[in-house]
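Grab a pencil and your favourite viewer. Here are a few exercises on helix packing, strand pairing and aromatic rings, each with a worked solution.

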Amino acid sequence: MGADEVLTEVTLTSLPKIAEGKVRDLYSVDDKTLLFVTTDRISAYDVVMANGVPNKGALLTLQSVHWFKVLSEKVPGLKTHFLTTDVPAGVSPEEAQLIRNRSMQVRKLKVFPLEAIVRGYVTGSAWKEYQAKGTVHGAPLPPGLRECDAIPGGPIFTPSTKAPAGQHDENISREAAAAIVGPAYAQRIEELALRIFRAGQAYAAERGIIIADTKFEFALDEATDEVVLVDEVLTSDSSRMWPADRYEPGRDQESFDKQFLRNWLTEKGLKGKEGVTVPEEVLRATGERYAEVFRRLTGRTLEEALKG
């Protein structure tokens with residue numbers, strides 16, 4: 001594919017497709033292995049846009065791979081589902097070329113039906129709730145906080161349901177999360193999510209980036225009873241990331257994520273609308289933000305990373 005080509009649909013004939021998400025397609029490799037293929041699709045407010053962002057699939061995949069390595073070193077005992085970025089042997093050469101650098105093989109595990117959201121700052125829906133009720137995820141916060149202030153006392157765990165495709169996730173209490181997955185697993189998920197988030201924040205801060213909030217997913221390794229970090233990790237799709245040198249509480253922040261796209265949709269009255277074709281300049285500006293945070297976090301441009 002050329003540098004500016006956009007891949008929003010992937011059809012592999014070499015492997016059986018078992019699921020299609022907003023951005024990722026999932027294929028079965030064997031009884032113990034899955035193939036994640038990340039397209040250039042982009043979603044906002046739970047709706048996929050009609051067109052995509054050039055190179056987004058590669059940026060997200062390689063950034064997640066980088067984080068799996070970094071976090072495994074910084075969070076003792078952390079297990080992840082990542083195996084390799086090698087394309088499975090059974091994939092045809094033509095299809096292998098299509099998905100190289102935008103796919104990874106991962107362990108097949110039992111995914112917990114929870115979104116493990118961690119918030120470090122009062123922003124987005126958390127800011128709206130705080131303005132209305134003085135709470136975030138139902139927990140009271142001190143009065144007088146400004147938009148995008150850090151949450152006093154440090155990051156908090158704010159779980160939600162993992163809704164089926166086409167439905168919206170719902171915020172739930174920690175008690176409700178425990179009822180869904182069991183108290184022991186819920187406690188381990190919360191503990192891991194907060195430790196991973198803090199480690200990621202510290203690593204990003206050294207590179208001029210504030211990670212304001214993120215969404216993790218976890219699965220169970222039934223053979224060992226271990227809780228395992230899965231899916232994507234601390235990407236511009238799953239996280240709010242801000243340039244530290246431009247951080248100023250009391251307003252919405254410049255971002256390295258898809259907030260730019262969300263803001264455009266809101267301004268145009270298109271929030272939550274299906275089939276929206278986004279102007280190329282908005283997609284290009286969004287892609288530039290994804291590429292810049294990739295460069296800062298990994299120390300390489302995408303072009304350098306693709307060359308190995």
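Below come the ground rules, then four exercises.

This is a predicted model, so to speak of local features we need pLDDT of at least 70, and side-chain atom pairs count only at pLDDT 80 or more, while totals for chains, interfaces and linings use all residues. Residues are numbered from 1 along each chain as its sequence is written, and side-chain values use heavy atoms, with hydrogens and water left out.

**Exercise 1. Work out how H1 packs against H7.**

Step 1: find the elements. Helices are DSSP runs of H or I with at least four residues, strands are E runs with at least two, and both are numbered from the N terminus. H1 covers residues 56–74 and H7 covers residues 280–298.

Step 2: get the geometry. Axes are lines fitted to C-alpha atoms, for helices over the stretch in contact, and angles run from 0 to 180 degrees between N-to-C directions. For H1 and H7 the angle is about 25°, with the axes 10 Å apart. That makes H1 roughly parallel to H7 (under 35 degrees is roughly parallel, over 145 roughly antiparallel, 65 to 115 roughly perpendicular, the rest oblique).

Step 3: list the contact (heavy atoms within 4.5 Å). H1 brings Lys56, Leu59, Leu60, Leu62, Gln63, His66 and Trp67, and H7 answers with Gly287, Tyr290, Ala291, Val293, Phe294, Leu297 and Thr298.

Step 4: sort by class. Ala, Val, Leu, Ile, Met, Phe, Trp, Tyr, Cys and Pro count as nonpolar, Asp, Glu, Lys and Arg as charged, and the others, Gly among them, as polar. The H1–H7 contact gives nine nonpolar, four polar and one charged.

**Exercise 2. Do the same for H1 with H5, and for H6 with H7.**

Step 1: H5 spans residues 183–205, and H1 packs on H5 at about 110° with axes 10 Å apart. The two are therefore roughly perpendicular.

Step 2: on the H1 side you'll find His66, Trp67, Val70, Leu71 and Lys74, facing Ile196, Ala199, Gly200 and Tyr203 of H5. The tally is six nonpolar, two polar and one charged.

Step 3: H6 (residues 259–267) and H7 have axes that come within 9 Å and cross at roughly 155°, so H6 and H7 are roughly antiparallel. Phe260, Leu261 and Trp264 of H6 touch Val282, Ala285, Thr286 and Arg289 of H7.

**Exercise 3. In what order do the strands of the open sheet run, and which strands are at the edges?**

Step 1: five strands line up as E1-E2-E3-E7-E6, with antiparallel pairing (two strands pair if DSSP finds at least two bridges between them).

Step 2: E1 (17–20) and E6 (82–84) are the edges, each pairing on one side only. The average twist from one strand to the next is 35°.

Step 3: zoom in on E1. Three bridges link E1 to E2 (residues 24–30), and the two form a hairpin with three residues between them. Lys17 sits opposite Tyr27, and Glu20 has Asp25 as its bridge partner.

**Exercise 4. Classify the ring pair Phe68 and Phe82.**

Step 1: rings of Phe, Tyr and Trp (its six-membered ring) pair if their centres lie within 6.5 Å; planes under 30 degrees apart are stacked, over 60 edge-to-face, the rest tilted. The structure holds eight such pairs.

Step 2: Phe68 and Phe82 are 5.9 Å apart centre to centre with 15° between planes, which is stacked.

Step 3: Phe68 belongs to H1 and Phe82 to E6, so the pair ties together parts 14 residues apart in sequence.
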